Amino acid sequence: MSMNSKQRWMGGVVLLGGGVLLAALLLKGKEEIHQNNIKTPELVTQNVQRNAEGELVQLQPLTVDVETEKRLLEQQRVAREKSVAEQEARAAEFLAMQQQAEADAARKAAEEYAALNAHRNAAQQSSDNIPPELVEDEKAKQQRIAADKAAEVKKLEQQKLQARTEAEKAAAAKKLAEQKALAEKQALEDKAKREAEAKRKADEAKKKAEAEKARDLLEHGDKQWMVQVALAANEANADALAAKLRAKGYKVTKSPTSKGVRIMVGPSKDRDTADAARKKITADASLGMKSAWVIDWVPLDKR
């Protein structure tokens, strides 16, 4: 086998090996994209996500906390973008490798063609007695080489087209994922607004009902006239005042309020009776309760 034949044979092997390697890498990248697209819903369903290093981590169960749901969706979107970016980088790397292989093949073909022309010229100069059948064989050989080169170029173009198609698919998947994430985010915001509005309406209805109940009690409830003698700051002071009043024979009632413990004497069925009790209490110097006053009071169990 001549040196030129060996070089052509080695060049063909390099081209074939490069094509096979590129095809395998593209198929692997396509399969990884397909697997990622399949696994993404499963990971979301199972509360599993990939972190920044690509490792699977177990997420906490989703709650009604809107901020937590937003954060989970953002992590899922970042993971999907990272996966698509990796696939695009692989496709670009495969394309660069194929272009380099094509350039190397073209250079080797040019070198072989130059060597072949030099050999042919040398043969023509050394002898003019080349049989016609050898000349025809050489032409057929050149035609075969040209056909092989054209087939290789066509194959490379097909591979480039496939790489572009995969990149376009990845870009479309990325856009679809972004639209889906945006829709989910909008849905969460709308849900939060609806829940806030429902809570506000419920609170307003509750306050209105309580106000109506209080007004009804004041207008139609069983009123009892009481003499409020003091407002103690704490329960201990209230007990001390109540003990002094009970020692004088008064019926004492304590009622906690937001400002302290209310101390009252009674109840009386009418205001006049309550006012008479008030005068008696304020006139008793031993009690020292000069600021007592009459109030209409509704017991807690009837409110």
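Me: Before we start, what does contact mean here?
Reply: Contact means heavy atoms within 4.5 Å. Keep in mind that this is a predicted model.

Me: Okay, so which residues does Thr282 touch, leaving out those up to four places away in sequence?
Reply: Thr282 touches Met289, Lys290 and Ala292.

Me: And where does Thr282 sit?
Reply: Thr282 is part of helix α5, which covers residues 271-283.

Me: Why does Thr282 count as buried?
Reply: Its relative accessibility is 15%, and buried means under 20%.

Me: Switching to the sheet: what's the strand order?
Reply: The order is β4-β5-β3-β6, an open sheet of four strands with antiparallel pairing. β4 and β6 (293-297) are the edge strands, each with a single partner, so one side of each has no neighbour in the sheet. On average, neighbouring strands are turned by 40° against each other, direction ignored.

Me: Nice. What about helix α5, which strands does that touch?
Reply: Helix α5 packs on the sheet and touches β3, β5 (260-268) and β6. The direction of α5 makes about 30° with that of β3.

Me: How many bridges join β3 and β6?
Reply: Five, with β3 (residues 224-232) and β6 paired in the antiparallel sense. One bridge partner pair is Gln224 and Trp297, the latter in β6.

Me: Now strand β4: is Ser255 buried or exposed?
Reply: Ser255 is buried, at 5% relative accessible area. Ser255 belongs to β4 (residues 252-257). Beyond its neighbours within four places in sequence, Ser255 is in contact with Gly260, Val261, Arg262, Met264 and Trp297.

How values were computed:
Residues are numbered from 1 along each chain as its sequence is written. This is a predicted model: local features need pLDDT of at least 70, side-chain atom pairs count only at pLDDT 80 or more; totals for chains, interfaces and linings use all residues. Side-chain values use heavy atoms; hydrogens and water are left out. Helices (H or I, at least four residues) and strands (E, at least two) are DSSP runs, numbered from the N terminus. Buried means under 20% relative accessible area, exposed over 50%, partly exposed in between (1.4 Å probe, protein chains only). Two strands pair if DSSP finds at least two bridges between them. Axes are lines fitted to C-alpha atoms, for helices over the stretch in contact, and angles run from 0 to 180 degrees between N-to-C directions.
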